[in-house]
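User: I want the labels used for this model justified against their cut-offs. Please take them one at a time.

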Amino acid sequence: MDYQAANDLLKDRVILVTGAGDGIGRQAALTYASHGAVVILLGKTVSKLEQTYDLIVAANGPEPAIVPLDMQGATEQHYIDMATTIEEQFGRLDGVLLNAGMLGVLSPFEQIDLASWETVMKVNVTAQMMMTKPLLSLLRKADDAALIFTSSGVGKKGRAYWGSYAVSKFATEGMMQILADELSNTNVRVNAINPGATRTSMRSTAYPGEDANKLKTPAEIMPTYLYLMGPDSQDVRGQSVDAQPK
Ligand code: NDP
């Protein structure tokens, strides 16, 4: 996307980023902070979240907050407690980037392992729903709030062997559309981003033989992440946006 964000695009906004310790989420957290946001860094591995925290502070960004959470094991109560803590600390949320996700195992459909399928659905679908529910009341308290899901090319057109991951991303597209419709007359706009092939560890796991240097870096796809998170996309609702349009 050809979009130039103002330096203070997200000034004083409070934005939760999931999967903020690695890959695209880490870059999104750094980018949002560099545009003025107070970023709440959620992820599984505390040491990675601390690295993102240190990078933001070293760049003189607003001091972030860290929320360690394993979305595979978390219950509804964990998300309710998290929302309560955010409310106590910040009073509202201006944005949420639901970025954390897992690939699971690629295999022929006949060989899908049920336990692996259920883990992918828990992290990529059920956890997103459980997290979003208690956060909506915090988003409603903002003047202008953005909720962004993370989709994938295989969540729009099925592909052989992508089994559970692709089905989870189709579900993500559906969840985004349903919420966008329910919230169409509110201050909360709901969209999704399909990052496209991006140089991260998830991508290299899925395509081990690929030359990663030919892929876009997370930093190169940030214009779409800034546009949909900030006020310039105020009228965009229910869209699944490709960060790397063909
Ligand atoms: P990475 O594997 O690099 O990062 C995934 C992030 O999600 C990590 O920070 C990881 O935390 C976190 N995460 C995974 N499982 C859990 C869990 N159980 N609880 C909490 N956090 C968890 O992936 P990408 O950056 O590549 O992917 C980001 C998003 O973009 C995903 O939703 C992915 O499906 C999507 N996507 C990526 C594409 C690509 O080419 N890279 C293409 C299309 C879509 P930790 O490191 O601590 O495990």
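User: Where is Gln111 found, and why is Gln111 called exposed?

Analyst: Gln111 is in the loop that joins β4 (95-98) to α4 (114-140); helices here are DSSP runs of H or I with at least four residues, and strands are runs of E with at least two, numbered from the N terminus. Its relative accessible area is 58%, and exposed means over 50%, buried under 20% and partly exposed in between, with a 1.4 Å probe and protein chains only. Gln111 therefore counts as exposed. Between the C-alpha atoms of Gln111 and Glu220 there are 36 Å in space, for a separation of 109 residues in sequence.

User: On what basis are these values given?

Analyst: This is a predicted model, in which local features need pLDDT of at least 70 and side-chain atom pairs count only at pLDDT 80 or more, while totals for chains, interfaces and linings use all residues. Residues are numbered from 1 along each chain as its sequence is written, and side-chain values use heavy atoms, with hydrogens and water left out.

User: Why is Tyr3 called buried, and how far is it from Pro223?

Analyst: Tyr3, in the segment before β1, has a relative accessibility of 17%, so it falls in the buried class. Its C-alpha is 5.6 Å from that of Pro223, although the two are 220 residues apart in sequence.

User: What makes Thr18 buried, and which backbone atom does its side chain meet?

Analyst: Thr18 belongs to strand β1 and has 0% relative accessibility, so it counts as buried. A polar atom of its side chain is 2.8 Å from the backbone nitrogen of Asn99. That pair is a polar contact, which takes N or O atoms within 3.5 Å; within protein, one must be able to donate a hydrogen and the other to accept it, and residues adjacent in sequence count only if both atoms are side-chain atoms.

User: What is notable about phi in Asp12 and in Asn60?

Analyst: Most residues other than glycine have a negative phi. Asp12 has a positive phi, near 65°, and phi of Asn60 is also positive, at about 65°. Asp12 precedes β1 (14-18) and is exposed because its relative accessibility is 51%. Asn60, in the loop between α2 (46-58) and β3 (65-68), has 71% and so is exposed.

User: Which residues come nearest to the ligand, and how do you know that Lys48 makes a polar contact with the ligand?

Analyst: The residues that come nearest are Thr45, Lys48, Asn99, Tyr165 and Thr200, out of 29 around the ligand; a residue is near if one of its heavy atoms lies within 4 Å. A polar side-chain atom of Lys48 is 2.6 Å from a ligand oxygen, which is inside the contact limit. A polar side-chain atom of Asp70 is 2.9 Å from a ligand nitrogen, and a polar backbone atom of Thr198 is 2.9 Å from a ligand oxygen. Of the 900 Å² of accessible area that the ligand has on its own (Shrake-Rupley method), the protein covers 92%.

User: What is the make-up of the shell around the ligand, and which helix gives the largest share?

Analyst: The shell has nine nonpolar, 14 polar and six charged residues; Asp, Glu, Lys and Arg count as charged, Ala, Val, Leu, Ile, Met, Phe, Trp, Tyr, Cys and Pro as nonpolar, and the others, Gly among them, as polar. Helix α6 gives the largest share, three residues. At least two residues each come from α1 (23-34), α5 (163-182) and α6 (201-206).

How values were computed
Accessible areas come from the Shrake-Rupley method with a 1.4 Å probe; for residues, only the protein chains shown count as cover.
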